[in-house]
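Welcome! Let's take a short walk through this structure together, beginning with the ligand and ending with a pair of helices.

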Amino acid sequence: MDIRIYKTNKPDLKASIAIIVTKGSKFEASFLSDKEYNFVKQSLEKGETQVLINQYTRLVFVIIIDTKKQSGDYLEDSRKAGNSVQSVLSEHKLETIKAFHSENNADILMAFTEGLVLGSYRFNKYQKKSNKDKTVPLKEVGLICQPLSKEKINSAINIFKAIYKVRDLVNEPVSHLNAVQLSSELEQMGQEVGVDVEIFNKSKIESLKMGGLLAVNKGSVDPPTFTVMEWKPVKPINKKPYILVGKGIVYDTGGLSLKPTSDSMDYMKSDMSGAAIIGGVICTIAANKLPVHVIALIPATDNRPSGNAYAPGDIVTIMDGTNVEMLNSDAEGRMVLADALVYAKKYKPELVIDVATLTGSASMAIGPYALVAMGTASVEIKNKLIKSGENVYERIVEFPLWEDYAELLKSDIADIKNVGGKEAGAIVGGKFLEYFTSYPWVHFDIAGVAFSKKNDNYRKKGGTGFGMRLLYDFFCNLCSDQ
Ligand code: BES
Ligand code: ZN
Ligand code: ZN
């Protein structure tokens with residue numbers, strides 16, 4: 001991310017400026033001529049929420065935010081406004097903006113900045129200059145806001161950087177990011193911020209008997225990896241660690257239960273979104289030195305058909321000795337996550353959260369508007385997660401884990417099957433994972449939100465990083481609740 005974000009005292013005459021105004025209150029007129037002021041006033045009276053004045057050397061934006069709404073909603077309006085401002089600026093080939101809120105509301109200003117910055121993301125490293133879009137990327141954001149601390153800006157910069165990095169990883173195709181490459185990317189990210197990273201290679205994975213990960217990897221020409229990342233601050237708020245587990249399928253063809261090519265396989269480079277997201281979250285926690293002990297576990301491989309690929313009907317033995325009757329090789333995420341969830345037991349965790357593009361069914365059920373969660377953690381923890389989701393507009397819909405669903409996974413010849421039939425796919429996936437947990441646990445199915453096929457406001461086409469701001473907010477709140 002090449003955008004400089006800084007606190008500044010005064011607007012100048014050269015830079016473009018965004019004036020954010022609470023609905024119903026007066027707006028700053030000193031940047032506008034009488035004619036311009038009247039034009040803005042009339043537009044606002046007509047109910048417009050964003051007015052643009054082109055002063056030729058710069059643009060002046062007046063943005064109205066309705067703080068009578070719920071805070072989660074008006075902060076999202078602020079992000080969307082930030083995104084639309086960056087898109088107008090870049091069309092005008094302007095690289096600099098200054099912004100302030102008429103009543104010095106730092107949260108609104110930071111949400112606006114989030115929209116500006118996340119909306120400016122582009123993935124164009126594989127395009128010649130002549131093929132790149134001709135708009136100019138944002139370079140500088142000056143924030144005018146007395147109560148806004150430099151620390152707050154810096155910690156926001158760290159999460160923005162992490163989201164850029166995670167989106168890059170998700171957008172990187174398997175031709176350029178196999179499991180080994182993913183783990184070394186995570187290692188590098190960790191090293192930059194003081195996170196310990198250990199990468200298990202195939203022989204270590206074999207000695208640990210991670211049969212789920214090894215089975216999925218059988219069809220691959222590349223070896224699997226299992227990456228362990230740890231942030232252990234000097235005086236953590238927690239005695240037992242929080243563990244994040246991420247699905248790291250660097251490409252999902254479905255294996256022998258091959259996916260149809262068009263549409264359903266085209267974007268399966270994004271099947272490691274969970275891995276990238278939790279890697280980004282633990283690194284942001286470290287960069288911002290949050291006093292919370294967190295461990296991230298990332299099983300990674302691609303899932304392909306080949307002469308040696310695992311075959312429907314196979315019995316696969318997970319690390320804890322559980323025999324799984326594998327009846328659909330496309331339900332591979334749960335196979336690799338089972339080993340990671342078993343591995344997590346050795347830490348006696350306070351809470352485990354797994355993040356996975358697990359089922360098309362989660363996406364079909366609620367669309368790209370929220371992630372699907374389920375789990376055995378306390379209502380208190382679940383409510384905190386839901387609250388964080390509302391704060392940052394990465395919302396959560398909880399699905400039940402009723403015992404009835406376990407019936408669907410009963411196998412005639414093994415301990416459990418890896419698929420349950422046509423109905424309730426997301427829940428059955430969650431129910432399978434639950435089998436391998438023995439601690440408070442939450443599962444995030446991000447299949448509907450991890451990757452966007454079209455520009456969706458500040459969530460650009462491609463990897464979105466959805467869930468990162470939610471988890472980061474959750475850990476921040478845990479630390480400040482102490
Ligand atoms: N990676 C897919 C899920 C997915 C689908 C992610 C669409 C993103 C967008 C997962 O491994 C998968 O194929 N799940 C199967 C499970 C089924 C075989 C029980 C599915 O959802 O169809
Ligand atoms: Zn699959
Ligand atoms: Zn998958």
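What you have in front of you is a predicted model. A good place to start is the surroundings of ligand 1: 15 residues lie around it, and among these Asp252, Lys259, Asp330, Glu332 and Gly360 come nearest. Sorted by class, the shell around ligand 1 holds 7 charged residues, together with 4 polar and 4 nonpolar ones.

Now zoom in on individual atom pairs. Lysine 247 places a polar side-chain atom 3.1 Å from an oxygen atom of ligand 1. With aspartate 271, the partner on ligand 1 is a nitrogen atom, and a polar side-chain atom of the aspartate lies 2.9 Å from it. Threonine 357 takes part through its backbone: one of its N or O atoms there is 3.4 Å from a nitrogen atom of ligand 1. How much of ligand 1 does the protein bury? Taken alone, ligand 1 exposes 520 Å², and the protein buries 76% of that.

Let's leave the ligand and turn to helix packing. Helix α4 spans residues 150–171 and helix α14 spans residues 468–481; their axes come within 11 Å and cross at roughly 145°. Is this crossing left-handed or right-handed? The crossing of α4 and α14 is right-handed. On the α4 side, the contact is made by Ser155, Ile159, Ala162, Ile163 and Val166, while α14 contributes Met468, Arg469 and Tyr472. By class, this contact between α4 and α14 comprises 6 nonpolar residues, 1 polar residue and 1 charged residue.

Methods: Residues numbered from 1 in each chain as written. Chains lettered and ligands numbered in written order. Predicted model: local features only at pLDDT ≥ 70, side-chain atom pairs only at ≥ 80, totals over all residues. Heavy atoms only, no water. Axes fitted to C-alpha atoms, helices over the stretch in contact; angles between N-to-C directions. Helix = DSSP H or I, 4+ residues; strand = E, 2+ residues; numbered from the N terminus. Left-handed = near helix turned anticlockwise from the far one by under 90°. Contact = heavy atoms within 4.5 Å. Nonpolar A, V, L, I, M, F, W, Y, C, P; charged D, E, K, R; others polar. Near = heavy atom within 4 Å. Polar contact = N/O pair within 3.5 Å; in protein donor to acceptor, adjacent residues only side chain to side chain. Areas by Shrake-Rupley, 256 points an atom, 1.4 Å probe, with all protein chains shown as cover.
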